Amino acid sequence: SAPPRSDIADFRFTRQQLDRRDGVVGLALLKDRLFACTWDGKLLAYPLNDDGTLHGPPNLLHAMKRRFNAIVVDPTSTSDRVILWLSHDSQHELSLGPNDYSGAIAKVTMTDAGVTFANVVVGLPTGDHPASGLTFGPDGRLYVSQGALSMLGGKAEVPETPLSAATLAIDVTHAIWNQGHAVDVRDYTADTNPAALQVFATGIREAFDLCWHSGGRLFAGVNM
């Protein structure tokens with residue numbers, strides 16, 4: 001087997017409780033702030049000291065009657081303009097439900113002027129498993145883990161769609177997403193606009209999260 005990496009051989013960490021809060025489903029770190037989204041539709045920012053300890057109470061950035069599922073920091077964020085991408089759907093009162101195409105991906109922009117929340121992609125399939133993983137790839141695209149509509153086997157009354165049980169790749173800089181309004185993708189086909197939205201991988205029932213390795217491979221942690 002390969003020898004241990006010298007740069008992590010002495011890695012140590014200290015366990016610290018930042019908050020006592022139920023339903024946290026996504027975390028994203030940006031230097032002096034830790035962002036969290038919750039199952040009951042809250043987006044929070046925890047201010048951090050240089051050593052990673054909590055600097056003060058969390059700030060509530062946004063709240064709505066939706067289920068938040070995942071969050072990621074846009075790599076183009078700057079100190080005075082932070083951009084987050086967040087997936088959410090209407091299943092805030094249900095752990096499982098029929099496909100109502102309520103899945104959405106929103107862009108959250110934070111500046112000195114305040115916080116703006118704008119849906120960019122809407123009409124994503126939503127059933128037994130949500131869009132529960134977001135990450136940016138080395139190509140700059142946003143990769144989305146879009147869950148399957150069925151739990152443990154097919155449901156005749158809830159057929160899968162071209163965008164469910166798949167990993168999606170979205171070029172968030174594409175003109176189609178920057179027209180000032182959300183774009184509905186429920187009628188997506190492989191020929192719709194592959195430059196803007198592409199099915200990167202299929203047959204993935206429920207990947208909780210996605211992680212790009214420096215070697216160029218995308219890993220998915222799947223709930224089996």
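Q: What share of the contacts with a separation of 6 or more in the protein chain comes from residues 24 or more positions apart?
A: The model is predicted. Contacts in the protein chain with a separation of 6 or more are taken as the total, and residues 24 or more positions apart are counted against it. Their share is 49%.

Q: How many helices and how many strands does the protein chain have?
A: The secondary structure of the predicted model can be counted by element. Helices are absent from the protein chain, and strands are present. The counts are 0 helices and 15 strands.

Q: Why is the protein chain described as being as compact as a globular protein of its length?
A: For 224 residues the globule rule gives 17 Å. The radius of gyration of the protein chain is close to that value, so the chain is as compact as a globular protein of that length. The radius of gyration is 18 Å.

Q: What percentage of the 224 residues of the protein chain is buried?
A: A residue counts as buried when its relative accessible area is under 20%. Applied to the 224 residues of the protein chain, this gives 41%.

Q: Which residues have the most contacts inside the largest nonpolar core?
A: This core has 24 residues. Elements that give two or more residues to it include β8 (114–124), β10 (142–146) and β11 (166–170). A second, separate core has 13 residues, among them F68 and V108. Within the largest core, the residues with the most contacts are W85, L142, I170 and W177.

Q: Which residue of β11 is in contact with W177?
A: Neighbours of W177 within four places in sequence are left aside here. The contacts of W177 include V120, V121, V183 and L197. β11 spans 166–170, and the residue in that range on the contact list of W177 is I170.

Q: How many residues of β11 are buried?
A: Side chains of β11 point in two directions. A166, L168 and I170 point one way, T167 and A169 the other way, and all are buried. The strand is thus mostly covered, and the buried count is 5 of 5.

Q: Which residue of β13 stands opposite T167?
A: β11 pairs with β10 in the antiparallel sense over 5 bridges, and there the bridge partner of Q146 is A166. β11 also pairs in the antiparallel sense with β13 (residues 197–202), over 5 bridges. In β13, the residue opposite T167 is A201.

Q: What percentage of the exposed area of the protein chain do carbon and sulfur atoms supply?
A: The protein chain exposes about 12,500 Å². Of this area, carbon and sulfur atoms supply 54%.

Conventions: Residues numbered from 1 in each chain as written. Predicted model: local features only at pLDDT ≥ 70, side-chain atom pairs only at ≥ 80, totals over all residues. Heavy atoms only, no water. Core = buried A, V, L, I, M, F, W, Y, C linked by side-chain atoms within 4.5 Å. Buried < 20%, exposed > 50% of the residue type's maximum accessible area, 1.4 Å probe, protein only. Helix = DSSP H or I, 4+ residues; strand = E, 2+ residues; numbered from the N terminus. Contact = heavy atoms within 4.5 Å. Pairing = 2+ DSSP bridges. Rg over C-alpha atoms; globule rule 2.2 N^0.38 Å. Areas by Shrake-Rupley, 256 points an atom, 1.4 Å probe, with all protein chains shown as cover.
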